[in-house]
Amino acid sequence: MAFVARDYMESRGAGAGFLPDTLPVLPERIGAQSQSWRWTQTTGDSTRIEVSAEDFVQGADGVQTDLRGVVLKIFRGGSDTHDRVESAAMRLADGGDLYSEGETVFTLGISEGDPDRPVVASTSGVTFRPAANSARTDRLVRYEFEGGRGRSAGAEYQAGSGTLRMLADVWIETAGDGDVRSRTTIRAGGLLYREARGRIDLTGGASVRQGPRWMDCARGTLWLAGGRLSRLDADAANGGEASAGGESRFATPEMRADFGQAGELLQLRGRGETRFVASGPGSGVSVRGRSVDLLYDPGPVAGRSFLKRVEAGGDARARMDLLPDGSRNTIRSEELLLEMRAASSEVERVQTLRRGRLEQVSPDPRAASRTLEADRISLRYGGGNRVEALDAAGDARMFQAAGEAGGPGLRTWSESLTAAFDPATAAISGIRQEGGFRFEERRPDGGEARRGESEEARFELEGGALTLVGAASVSDGGSVVSASRIELDRESGRLEARGGVTVSVAPGGDGAGLPSGLFGSQQAVFAAADSLVAAPGGSALEYRGEARLWQGRNRIDADAIVLDRAAAALRAEGAVSARWSDSADSGGSVSVLAARMAYDEGTGEAWFRESVDFRRSGFRALCEQLRAALGEAGESPSGTAVASGSVRIAEFADGTGIRGFADTAEFLPADSEVRLAGRPARLLSPDGTETRGARLTFRMDGDSLLARGGGAQRAYTYSPASR
């Protein structure tokens, strides 16, 4: 027994030299432990997920597993691109989820042979779900990518769909091409990136900054093409651009921006009640409409562009301000087009594509404001947003309201309108309207001052000259002047008319300044001439060239007729022919031919001079002067007339009746008498009887003759011997 026991103990001692002193024993909480651990998930023949760890420790409960030195690869199906996740430590929970408490680095979009730098995101507190092929964290995430960086509060990544969601407080910055003006900064409440669709959604209020450009919106969507920004959509957006030459801003409920190959802005579209404002040194322009499109031209530097055109529609309005003097033009239409000056914030042209309305307002309250409506309106601008030319076509209607300085308001109508502007002040220097032109002037109390029409008109708005050409007419309420051409000084009232001038004065009207003693007020009075000049205020009217005034059977013809309203007088010169009704002879008339005529309305007398030929009721008188009493203003003509200077009379125009010779002759229709005076006065009867005397009175109704002597002059009658 002793030997057996000794041999057994020796054999035990010899075996101990080949075994460790103590065998490794797992702690009670650990069920398994391994180094260089690896796990893969496959779909068919393709590897979907590969996880490797330097150390693998599984808890005794078989539920919790800790991995150290973890590298997780997520392969994108059908491509050689994969995402890589690295963490110093991860915990593998029951169900397959992985959780990394410490720093975790995501490298997204690793591809063999792709020179582009992939996106690298670093964070902590990440939960990765292999079943959903997704990762999520609520902690700060930092991003590094080709040409930029960013961060967010929390993120979620769906590897299968290539979707990255930044949960809150998103900030992204791209360095651009190294120029600070091309650097882009994005801030948002949340961001969703869909790699397959090249789309980035910004939510929770977002802002985008790129050099001098900026935009804020409630939410937006960025579209990428080939790694570059190609389109940006936004809701409740407002933004702008600042430069050394000025600033532009926009605000719109719905916005879309399109970009070129080099990242330059090509077009910005706003839908809903959109507003665009651009301002420069001394000028500004703003555009409103239910749709506004801004179109850009690429600039000389890659990625830069300049606003070329603005298209607005839907109750569109554009306002151009000239800041030094505060004047502004506002144009409205359903469709507007603004063309900008190259590389400038200034407007070059504004035009309506449908019927529009232009409003011009001056900062001076004394100046008049005006409105223009037409089917098409075009404004051309020079430097400093100063208007150079205005064109309107199609039922053009203009209204100018009187300013505080007074003066009548003005309305015009025509088929077309063009206007020129003073380059120094941008004030309208002249207007031309063609095709069925009409105008009206209204006094401040609303009463009509004057109106007119023509085929064409040229005028100044600030009370200057108005020139009407072609079938022109002007009315002041009491008279109407018509001619081939009329020039009217609207401020002073001076009027010049040429070519087939006609004037009509309504019953009771005094617009032409016609003498009421010669022409009564119960009928219309007319005038005609080759030309007419009306002094300021119509105080004097001068008709020249086959001039004529007439009312019914009463008329005056002459080479020139001048009406002086201030002196209540009339003058006629050159081949004067006057005719008026004979009050003593119902249906009869009185006519006078002379070289000159003058009429005084105060005395009711008309004077005829030089080669006077007076005819009345079968009598004719030739003399050097004739004074005719036509009656004072408002009275009926009396018909009394006095002839002087080598007077010769005849009972009948053909000389077959009584003939007389005298120094003076007085015709008294009321008494049916003709009184001759001379040295001596002579009267010859058809039978050859001659009567002489200092005064001879011939009664026309009784065929009687009274002869009187005077001084050395004796009265006598001589009869031929046959009697």
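Select asparagine 133, in the loop between β8 (126–129) and β9. This is a predicted model, and in it asparagine 133 has a positive phi of about 55° although it is not a glycine. Asparagine 133 counts as buried because its relative accessibility is 5%, under the 20% cut-off.

From that loop, move along into β9 and show the largest cavity. Strand β9 gives the largest share of the lining of this cavity, five residues. The space inside comes to about 120 Å³. The lining has 15 residues; select Phe106, Ala121, Ala155, Tyr157 and Leu164 to see those closest to the centre of the cavity. Then colour β6 (104–111), β7 (119–123), β9 (134–145) and β10 (148–158), each of which supplies at least two residues of the lining. Coloured by class, the lining of the largest cavity shows eleven nonpolar residues, two polar and two charged.

The model has three cavities of 30 Å³ or more. For the second largest, with about 40 Å³ of space, select Leu358, Gln360, Arg370, Thr371, Leu372, Leu390, Met398 and Ile428, which line it. Five of these lining residues are nonpolar, two are polar and one is charged. At least two lining residues come from each of β24 (356–361), β25 (369–374) and β27 (387–401). Of the strands around the second largest cavity, β25 provides the largest share of the lining, with three residues.

Go back along the chain to aspartate 233, in strand β17 (residues 228–243). Is aspartate 233 buried or exposed? Aspartate 233 is buried, because its relative accessible area of 18% falls under 20%. Display side chains here: those of aspartate 233 and arginine 231 are joined by a polar contact of 2.6 Å. Beyond neighbours within four places in sequence, aspartate 233 also touches Arg219, Gly220, Thr221, Trp223, Met255 and Arg256.

Next, select phenylalanine 276 in strand β19 (residues 265–280). With a relative accessible area of 2%, phenylalanine 276 is buried. Which residues surround it, leaving aside neighbours within four places in sequence? Phenylalanine 276 is in contact with Ser248, Arg249 and Phe250, with Val285, Ser286 and Val287, and with Val292, Leu294, Leu307 and Val310. Draw a distance from phenylalanine 276 to valine 310: their C-alpha atoms are separated by 8.9 Å, though the two lie 34 residues apart along the chain.

Continue to aspartate 315, in strand β21 (residues 305–322). Aspartate 315 is another residue other than glycine with a positive phi, near 50°. Aspartate 315 counts as partly exposed, because its 37% relative accessibility lies between 20% and 50%.

Further on, in strand β43 (residues 673–684), find proline 680. The peptide bond that leads into proline 680 from arginine 679 is cis, with omega near -10°.

Finally, colour the model by pLDDT. The protein averages 81, and 81% of the residues score at least 70. Over residues 1–28 the pLDDT is below 50, and this stretch has four contacts in the model beyond near neighbours in sequence. Residues 632–636 also stay under 50, and for them the model has 13 contacts beyond four places in sequence.

Methods. Residues numbered from 1 in each chain as written. Predicted model: local features only at pLDDT ≥ 70, side-chain atom pairs only at ≥ 80, totals over all residues. Heavy atoms only, no water. 1 Å grid on protein atoms, 1.4 Å probe; cavity = no way out; pocket = protein on both sides within 12 Å on 5 of 7 lines; lining within 4 Å. Points joined across faces, edges and corners; volume = space filled by probe spheres on them. Helix = DSSP H or I, 4+ residues; strand = E, 2+ residues; numbered from the N terminus. Nonpolar A, V, L, I, M, F, W, Y, C, P; charged D, E, K, R; others polar. Buried < 20%, exposed > 50% of the residue type's maximum accessible area, 1.4 Å probe, protein only. Contact = heavy atoms within 4.5 Å. Polar contact = N/O pair within 3.5 Å; in protein donor to acceptor, adjacent residues only side chain to side chain. pLDDT = per-residue confidence, 0-100.
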